[in-house]
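This report describes how two domains of one chain meet. The sequence and structure follow.

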Amino acid sequence: MQVTIADRLQQTEEYYFSKKLSQIAEMNKNGADVLNLGIGSPDLPPPPIVIETLIKESQNPHNHAYQKYTGTPELRNAISDWYQREYHVSLDPEKEILPLIGSKEGIMHICMTYLQAGDEALVPNPGYPSYAAAVNLSGAKARFYNLSEESNWLPNLEELSKQDLSRVKIMWVNYPHMPTGAKANRDFFVALVKFAKKHQILLCHDNPYSFILNEDQLSLLSIEGSKEVVLELNSFSKTFNMAGWRIGMLLGASERISEILRFKSNMDSGMFYPLQIAASKALSLKQNWYNDINSEYKKRRVKVYEVMDALKCTYSKEQVGMFVWAKIPDHYRDSYELADKILDQAHVFITPGGIFGSQGNRYIRISLCAKESLFQNALNRINSVKQ
Ligand SMILES: Cc1ncc(COP(=O)(O)O)c(C=O)c1O
């Protein structure tokens, strides 16, 4: 049978990691034993209380039915308490919180709810590739705004204001920023909300990294008057090492949440009840949870700095989050050349910054999601390859 794919997929490629991981699997099949320093999937275990609760709740025969489209009240209340305690943001658990199957699906829900052909969305370059992919799938156009090291990877709002923004409906922002590890401060967030109000743009803030190697948690919703123009996504994936569980959250004004539910309730049928109850337990963990994972990431980061030094890459030690982002030496054509060389010769996979946009072309990203010994092993292999 001949079947053509829909126009909306024409500009959408298979996700870079999906392709690369198949190549690595093939190399491993041939005996390569590739060390993967690429993907940000936490290898540390979730909190024990979360696992215990999942097991206990799964044993109850009444806990296996379809669940509410809006999530269980226990989870929504736990999210509300967590946002109050950690971000100083008050959210109505009934109306301003929507549990999600990961924040990645939230990106798609938001785009499919608000965007269509003729609309534009501002998307960071470099940035998480799913923003542009979801914008394209919605039929709208991704309009990239450049971030650069010189401006601490923050957008130039003054310059953006001078452009014709009449078709722009949404702006994607993400601080702590992935892949660069840049932080935003409150003053910048205040300016961002002002910019969004002036241009009537819905600000969509993706905030999954605020607890990783970062001291001060900041929600865009903590800015006065922001609810009018802000939606925020958050996730259990990185903060609680629950990436494979697929659970996240959307926060915002009740009107926005109901609009997005119109789309989402036609896409899925809720989440497994034991998973939701288990996840709520994570949200009441005390400070020592965050301290413990961060002391491990801190040790790993020292090793990653050594790997970056061996590659003659330069980096800022101010960055936060789950990765180290570094500039490649001038003699490489681009980040792909370096990443391919290290994969071929040292059997170490490092993410080329170019996959996050053209502004990332001269950078690479190493994930902290591997044990110190693996970084040491990678370092030994890289040292044996001529730089
Ligand atoms: C910036 C950013 N947003 C969202 C996600 C997706 O997270 P989740 O597991 O909640 O879908 C990731 C995952 O790598 C990410 O880096």
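Across the interface of domain 1 and domain 2, 0 salt bridges are found, a salt bridge being a side-chain nitrogen of Lys or Arg within 4 Å of a carboxyl oxygen of Asp or Glu. Polar contacts do occur there: 13 residue pairs, both residues at pLDDT 80 or more. A polar contact is a pair of N or O atoms within 3.5 Å, one able to donate a hydrogen and the other to accept it, and residues adjacent in sequence count only if both atoms are side-chain atoms.

The model is predicted; local features need pLDDT of at least 70, side-chain atom pairs count only at pLDDT 80 or more, and totals for chains, interfaces and linings use all residues. Residues are numbered from 1 along each chain as its sequence is written, and side-chain values use heavy atoms, without hydrogens and water.

Domain bounds come from an automatic or database domain assignment.

| Domain | Residues |
|---|---|
| Domain 1 | 7-45 + 288-383 |
| Domain 2 | 49-282 |

The C-alpha centres of domain 1 and domain 2 lie 25 Å apart. In contact (heavy atoms within 4.5 Å) are 33 residues of domain 1 and 33 residues of domain 2. The area buried between domain 1 and domain 2 (accessible area, 1.4 Å probe, lost on putting the two parts together, summed over both) is about 2800 Å², with 59% given by carbon and sulfur atoms. In domain 1, Tyr290, Val320 and Gln359 lose the most area to domain 2, together 24% of what that side buries.
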